[in-house]
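Biologist: Please take me through one part of this model up close, starting with the loops and then going on to whatever packs around the helices. Keep it informal, but give me your cut-offs as you go.

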Amino acid sequence: MKKIKKIERKEDIETIKKAVAGNPENKKLVNQDSLSKDNVKPKVLPEKKDIGKIVKGKKTDKSRNILESYFIKSEGNMDVSVKIRKKETMIIYDLEIPKVDTATEVLLEDVRNELISVTTVGMREIVDPDAVEGIRKKFVENAGAMLEKKIPTIEKDTKGVLVNKLMQDMLGLGEIEFLVNDSNLEEIVIPSAKEPIRVYHKKYGWLRTSFSIKKEDEIINYSNIVARRVGRQITVLSPLLDAHLVSGDRVNAVLYPISTKGNTLTIRRFARDPYTIVDLVGNKTIDLNIAVLLWLAVEYEMNVIVSGGTASGKTVILNAMMPFIPPNHRILSVEDTRELMLPDFLYWTPLVTRSPNPEGKGAVTMLDLLVNSLRMRPDRIVLGEMRRKEEAMVMFEAMHTGHSVYATMHANSAAETVNRLTNPPLSVPANLLGAVNLNVVMFRDRRRGIRRVLQVGEFNVNGERADANIIYRWVPEGDKIIKHGETSKFFEDISRNTGMTQVEIDKNLADKKEILSCLIKNKIRSLSEIGKVMNYYYSDKELLLKNVRANNIKLFSDKKETTKENKKTNVKVNSEEN
Ligand SMILES: Nc1ncnc2c1ncn2[C@@H]1O[C@H](COP(=O)(O)OP(=O)(O)OP(=O)(O)O)[C@@H](O)[C@H]1O
Ligand SMILES: [Mg+2]
């Protein structure tokens, strides 16, 4: 009681607020830096758009070996600061986790106990993503009301920060949630309680963080939370878990002693803001010619296979092609883990596989879903990754029965794609390969840290043999994508499907180029913006072209107005090299 009284005093609340919300001076420093670059008036608080962006540290930071610093936005106005520091030969990811003082801890513990008794959560609510949203809302309301009751003078910001802390502890993964909110991270690994958490940073690769989870029990507890949310268990008898958080992030857990050093959690962050075709032209992954060719292929229901090595960007390209699908087509996607993200207006039913429970029951395989999807009257079928013969056979059958199919598979070139498809274990008869209209091959240059379209090709079938015909290819010298050969059947297939002449097809490609160039020029890049553009394209193409030609982007831009900034040409957006 005594301690709670202490916190009622105004100064204490100020102290907590400062401690929790980080140092305002830092915010000022970071923001002035980033904002002055754009010639806008400096502001004290970070804008939403700046959060999570990398902002170079000030000169004075260099002496403290700080390479970069930025803020991560969390719910409830809790912005925490990240500093990437050089320490001897290592680079450290330093997170300034807000600490609350003992008095506040006691208060929060009180609120926690009361909350447990009032916020009852049923099993159905735990596994249903929509219900989870409801629980969060209920939770925020209850926690807020309790804090107000205990500290009648509490300020809105302080309340937000404390509610967020309670949510992280009770519904989420505690302090790890800060990392999950950092859009610069791809992977977060808790190796054990003995070691610091490690993260895979988009720019720096693997980094050691400055903190760890203190107890092995806590890691087990987090694994249990994740497991319960998907209606599964992780125990000594079934110590492996692969599951998804409601946010889409994937969590893998391996318990001790299978992971011999301690309990291990690996979290792969799901991209909240996916790369779109405009980003991919902007960061030179593909060029405009290939972008419009893909658009044409998707519009006129051609079948496309994206191949490439591990993490070469196959799923990213596949996802960037999806907004080209006309809005009235039914799309079914089948994946092992939910990675695809499509604009809202599309008519899309995403399906995911499920692994069996500990008794070996309840599995739903990719093949089950593929076979079932054919009964759901789809126009387009998207297959996350083709690995097995049965899946390949169903997919080719789908192509031959008039569905438009998009899939990814592992192969490093168009020729290797043909080889892998026609040889064991896939063993697709070569004559079926003619159904594939385009093969896009992705490549990752690890040394330079870049991803490129290596080849765009088609498959030619001669009797019992299939061969790859390369149309475009990437040349490392000069980092360019060049025309390699003529298509032998791609345009013929489009003509046959649509009745268009080659002149009409060329005009269609030129219109598409005009539209994409306008988007690139004006930095119209988000999924929702591209979605809107495509909606106009398929409902009133002439209106869209008229606006594009007048550079009138109001029709589809999420930005409020056309500013001078928008008129700059060829601005790199969401670039991996940046
Ligand atoms: N063109 C690109 N530019 C920048 N980053 C990219 C690009 N393509 C992919 N990435 C990043 O690389 C990572 C892997 O991409 P993606 O999942 O598409 O690869 P993949 O080939 O499908 O991998 P896997 O073999 O695991 O299926 C992601 O974090 C993604 O954000
Ligand atoms: Mg993939």
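Modeller: Helices and strands here are DSSP runs numbered from the N terminus, with H or I and at least four residues for a helix, and E and at least two for a strand. By that rule the chain has 21 helices and 19 strands. It's a predicted model, so local features need pLDDT of at least 70 and side-chain atom pairs count only at pLDDT 80 or more, while totals for chains, interfaces and linings use all residues. Residues are numbered from 1 along each chain as its sequence is written, with chains lettered from A and ligands numbered from 1 in the order in which they are written.

Loops first, then. Glu88 sits in the loop between β3 (80-87) and β4 (90-95), and it has a positive phi of about 50° despite not being a glycine. For burial I count other C-beta atoms within 10 Å of a residue's own, all placed from the backbone: 20 or more is buried, 12 or fewer is exposed, and anything in between is partly exposed. Glu88 has 7 of them, so it is exposed. Asp479, in the loop between β18 (465-475) and β19 (480-483), is another non-glycine with positive phi, near 50°. Its count is 12 inside 10 Å, so Asp479 is exposed as well. Over the whole chain of 578 residues, 36% count as buried.

Two prolines belong on the loop list too. The Tyr256 to Pro257 peptide bond is cis, with omega near 5°, and Pro257 is in the loop between β9 and β10. The bond from Pro424 to Pro425 is also cis, omega near 5°, with Pro425 in the loop between α16 and β16.

The strands on either side of Pro257's loop are worth a look. Arg250 is in β9 (residues 250-254) and has 19 C-beta neighbours inside 10 Å, so it counts as partly exposed. Two residues are in contact when their C-beta atoms, placed from the backbone, lie within 7 Å. Leaving out residues up to four places away in sequence, Arg250 touches His244, Arg268 and Thr337. Ile267, in β10 (residues 264-268), has 25 neighbours inside 10 Å and so counts as buried. With the same sequence exclusion, Ile267 touches Val180, Glu187, Ile188, Asp249 and Val251. Ile267 and Val189 are 78 residues apart in sequence, yet 6.3 Å apart C-alpha to C-alpha.

Now the close-up, which is α15 and its surroundings. The expected span of a helix is 1.5 Å times one less than its number of residues. For the 12 residues of α15 (residues 389-400) that gives 16 Å, and the end C-alpha atoms are 16 Å apart, so the two agree. Buried in α15 are Glu391, Ala392, Val394, Met395, Phe396, Ala398 and Met399. Those residues pack against α14 (366-374), β14 (380-383), β15 (404-410) and α16 (414-422). Just past the helix, Gly402 takes a positive phi of about 90°.

Turn to α14 itself, where Met366, Leu369, Leu370 and Ser373 are buried. They span an arc of only 100° around the axis, which puts them on the same side of α14; the arc is taken over the directions from the helix axis to the C-beta atoms. An α-helix has 3.6 residues a turn, so residues three or four places apart point the same way. The buried residues of α14 pack against β12 (330-335), β13 (347-352), β14 and α15.

β14 and β15 turn up again around α13 (residues 314-321), among the elements that cover its buried residues, along with α11 (277-282), α12 (288-299), β11 (304-308) and β16 (438-445). In α13, 8 of the 8 residues are buried, so this helix is largely enclosed by the rest of the structure. Lys314 and Asn319 are included in that buried set.
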